[in-house]
Amino acid sequence: MVKMNSKQLMNIFLTTFVLFSIITITNTSTTYAAAFPVGIVNYRLLVEQHPDSAKAQTAMNDAIAQAKTNFDTKSVNMNDQEKQSYYQQLQQGLQIKQQNLLETIQNKVNDAVKAVAKSKGVTIVVDTGAAVYGGQDITDDVMKKIVAK
C-alpha cells in the first residue's frame with residue numbers, strides 16, 4: 001500500500017478539482033452555444049442599402065444647400081465673430097438633422113433584424129465586425145425583409 005502524506009493528498013485533490021472544473025466549463029459553454037444561436041449581419045451595408053437612404057441623402061443635401069443659402073443671405077452684415085457663431089449654429093442644426101434621418105433608418109433596420117432573427121430562432125445578433133468565427137449570416141434575409149416592406 002502506498003503511503004501519502006497530507007500534502008500529496010491535497011495536491012491530488014486540487015488537480016482532480018481543476019480537471020473536473022475545466023471539463024464542466026467546457027461542456028457548459030458548448031451547451032450555451034447550442035442554446036443561444038448567433039446571427040451575424042453586415043449592419044453598415046443594411047443601413048447604406050436601405051431604400052430610405054437615398055431619400056435621406058437627398059433631404060440632407062437639400063438641408064445643406066438651404067443652410068448655405070441662409071448663411072450667405074444672413075451673414076452679409078455680420079462681423080467675423082457673429083458669422084462664426086451663426087455658422088456653428090447651422091452646423092449643429094445639420095448634425096441634428098443627420099442624426100434624426102439616420103436614427104429613423106437604423107430603427108427600421110433593427111426591426112427587420114429582430115423579425116428575421118426571431119423567424120430563424122436566432123437569439124443573439126452581432127455585426128460582422130464583432131464576429132471572428134462562426135455564426136449564421138442573416139444579412140441577405142434581413143435585406144429581403146427590408147425591401148419587401
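This passage describes the fold, helix packing and cores of a predicted protein model.

The model is predicted, and its confidence varies along the chain. The average pLDDT of the protein chain is 83. A score of at least 70 is reached by 77% of the residues. Residues 28-33 are a weak stretch, with pLDDT under 50 throughout. For this stretch the model has zero contacts beyond four places in sequence.

The protein chain holds five helices and three strands. Read from the N terminus, the order of elements is α-β-α-α-α-β-β-α. Of the 149 residues, 19% are buried. Contacts with a separation of 6 or more were also examined by sequence distance. Among these, 81% join residues 24 or more positions apart.

Helix 3 spans residues 51-74, and helix 4 spans residues 80-120. Two packed helices are described by the angle between their axes and the distance between the axes. The axes of helix 3 and helix 4 come within 10 Å. Their crossing angle is roughly 170°. Angles over 145 degrees count as roughly antiparallel, and helix 3 and helix 4 are therefore roughly antiparallel to each other. On the helix 3 side, the contact includes Asp 52, Ala 56, Met 60, Ala 63, Ile 64, Ala 67, Phe 71 and Lys 74. On the helix 4 side, it includes Lys 83, Tyr 86, Tyr 87, Leu 90, Leu 94, Leu 101, Ile 105 and Lys 108. By residue class, the contact of helix 3 with helix 4 has 13 nonpolar, three polar and five charged residues.

In soluble globular proteins, nonpolar side chains tend to be buried together. In this model the largest nonpolar core has 15 residues. Those with the most contacts inside this core are Val 41, Leu 46, Val 109, Val 113, Ile 138, Val 142 and Ile 146. Helix 2 (43-48), helix 4 and helix 5 (139-148) each supply at least two of its residues. Helix 4 gives the largest share, six residues. Another core, of six residues, lies apart from it. Met 60, Ala 63, Ala 67 and Tyr 86 are among the members of this second core. These four residues also take part in the contact of helix 3 with helix 4.

Individual residues of the largest core were then considered. Leu 46 is found in helix 2. Its relative accessible area is 0%. A residue under 20% counts as buried, so Leu 46 is buried. Beyond its neighbours within four places in sequence, Leu 46 is in contact with Val 41, Val 109, Val 113, Thr 139, Val 142, Met 143 and Ile 146. Leu 46 and Gln 106 are 60 residues apart along the chain, yet their C-alpha atoms are separated by 8.9 Å. Val 113 touches Leu 46 as well as Val 41, Val 125 and Val 142, with residues up to four places away not counted.

Helix 5 contains both a buried and an exposed residue of interest. Thr 139 lies in helix 5. With a relative accessible area of 7%, Thr 139 is buried. Residues up to four places away in sequence aside, Thr 139 touches Ile 40, Val 41, Asn 42, Leu 45 and Leu 46. Val 147 also belongs to helix 5. At 56% relative accessibility, however, Val 147 is exposed. Val 147 and His 50 lie 97 residues apart in sequence. Their C-alpha atoms are 7.7 Å apart in space.

How values were computed
Residues numbered from 1 in each chain as written. Predicted model: local features only at pLDDT ≥ 70, side-chain atom pairs only at ≥ 80, totals over all residues. Heavy atoms only, no water. pLDDT = per-residue confidence, 0-100. Contact = heavy atoms within 4.5 Å. Core = buried A, V, L, I, M, F, W, Y, C linked by side-chain atoms within 4.5 Å. Buried < 20%, exposed > 50% of the residue type's maximum accessible area, 1.4 Å probe, protein only. Axes fitted to C-alpha atoms, helices over the stretch in contact; angles between N-to-C directions. Parallel < 35°, antiparallel > 145°, perpendicular 65-115°, else oblique. Nonpolar A, V, L, I, M, F, W, Y, C, P; charged D, E, K, R; others polar.
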